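Let's take a walk through a protein model together, one helix, sheet and loop at a time. Keep the picture in view as you read.

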Amino acid sequence: MRIVVAIGGNALLRRGERPDATVQVDHIRAAAEALAPLALRHQLIICHGNGPQVGMLSLESENDPELTHPYPFDALVAQTQGMIGYWLAQSLRNAGVTKPVMSLVTQTLVDPSDPAFATPTKFVGPGYPHRQAQRLADRHGWTIAVDGDRWRRVVASPEPLRIIEQESIDGLLEHEAIVICGGGGGIPVSEDGVGQLQGVEAVVDKDATAALLAVAVKADRLLILTDVPAVMEGFGTPQATPLRRLALDGLAALHFPAGSMGPKVAACRYFVGATGRTAAIGSLDDAAAVLAGRAGTVVVPNDASDASSGIREGAPASLQS
């Protein structure tokens, strides 16, 4: 099978951990070991998050006295793509993957008039107690929002429209390569009337980009692997229970936080609705079990008998539909 795997940035740097390179490399080695059995039997396209990492780089840049202006987010996303992509590619090889592995720095086209720029929702950087977060917000001009029991910076997360390097990705897949791309949702760029690209101050959601990519490459499955075991009903309460199987109609009646589980569910809805195939959300540690449907949450078409059907024409344009 051809599988698009989206790995959450929080799965590579857990909540409350110091953002040291050694900590992240240890998690990435574990991620590679979890993905290696899938790579032996299937063709993988891997997207990764970068929320903790890009937020850390942004904070460092804002506090650097040598800089006239902080580095923009498009440049910071590019930096995280190179760093995390390198770690992933090396760790997959060290985990025994013998197929060609290529990490691509990729750009994602967005609309500069996207309404998401007026309502930031994408969490970046570490979490803080509310008073500390508010002091940082006042100092740096941030927008902040609550994330569990902590407060974090949020930035604009416009809808991905197209991956600029899609043809290169397709060419690598024809040669049976494992492709690491769309890191951090891709470097956000806009395009003018004559085709010139320029960076945009935003962070695209990697789950939305992974779903867009999964449809473009005609993937058989979309796996969204994170630091939670499944989609939970009543998450964060004593009554929290895992939802093991969800159909599109059932998803329409449920609501999830915009900055965390919401984009993951929206990505699954888009992929399943556009292709008639299944998607799943679960723990990175349980990657093989999530693919097999023994763990995590499986999202299926309304008629589950259509789960193995091919790409349907007329896929929706918006991941939020």
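At the start of helix α7, a side-chain oxygen of D205 comes to within 2.9 Å of the backbone nitrogen of D207. Please keep in mind that this is a predicted model, so every value here is computed from predicted coordinates.

**Helix α7 and its partner**

Is α7 enclosed by the rest of the structure or open to the outside? It is largely enclosed, because 10 of its 11 residues are buried. Among the buried ones are K206, D207, T209, L213 and V215.

Helix α7 (residues 206-216) has a companion in helix α9 (residues 261-275): their axes come within 8 Å and cross at roughly 10°. With such an angle, which is under 35 degrees, α7 is roughly parallel to α9. On the α7 side, the contact is made by K206, D207, A208, A211, L212, A214 and V215. These meet P263, K264, A267, Y270, F271, A274 and T275 of α9. What kinds of residues make up this contact? They divide into 10 nonpolar, 1 polar and 3 charged.

If you trace the contact residues along the helix, a general point may help. An α-helix has 3.6 residues a turn, so residues three or four places apart point the same way.

**Two loop residues with a positive phi**

Most residues other than glycine have a negative phi. Here are two residues that have a positive phi although they are not glycines.

| Residue | Phi | Citation of place |
|---|---|---|
| E176 | about 65° | loop between α6 (166-174) and β9 (178-180) |
| K218 | about 60° | loop between α7 and β12 (221-226) |

K218 sits just after α7. Are these residues buried or exposed? K218 has a relative accessibility of 54%, so it counts as exposed. E176, at 47%, counts as partly exposed; the cut-off for exposed is over 50%.

**The open sheet**

Now look at the open sheet of 8 strands, which has mixed pairing. Its strands come in the order β3-β9-β2-β1-β12-β16-β17-β15. Which strands form the edges? They are β3 (101-103) and β15 (245-247), each of which pairs on one side only. On average, neighbouring strands of this sheet are turned by 15° against each other, direction ignored.

Inside the sheet, β1 (residues 2-7) runs parallel to β12, and 5 bridges join the two. You can find V5 opposite L223 of β12.

Helix α4 (residues 73-94) lies across β1, β2 (43-48), β3 and β9, and it runs at about 145° to β2. One residue to pick out in α4 is S91. Its relative accessibility is 8%, so S91 counts as buried. Leaving aside neighbours within four places in sequence, S91 is in contact with I28, R29 and A32.

**A hairpin to finish**

Strand pairing can also be antiparallel, as general knowledge tells us: strands of a sheet pair through backbone hydrogen bonds, either parallel or antiparallel. Strands β6 (residues 143-147) and β7 (residues 150-155) run antiparallel and are joined by 5 bridges. Across this pair, A145 of β6 stands opposite R152 in β7. How many residues lie between the strands of this hairpin? There are 2 residues between them, and in this hairpin G148 takes a positive phi near 70°.

Terms used
Residues numbered from 1 in each chain as written. Predicted model: local features only at pLDDT ≥ 70, side-chain atom pairs only at ≥ 80, totals over all residues. Heavy atoms only, no water. Pairing = 2+ DSSP bridges. Helix = DSSP H or I, 4+ residues; strand = E, 2+ residues; numbered from the N terminus. Axes fitted to C-alpha atoms, helices over the stretch in contact; angles between N-to-C directions. Parallel < 35°, antiparallel > 145°, perpendicular 65-115°, else oblique. Contact = heavy atoms within 4.5 Å. Nonpolar A, V, L, I, M, F, W, Y, C, P; charged D, E, K, R; others polar. Buried < 20%, exposed > 50% of the residue type's maximum accessible area, 1.4 Å probe, protein only. Polar contact = N/O pair within 3.5 Å; in protein donor to acceptor, adjacent residues only side chain to side chain.
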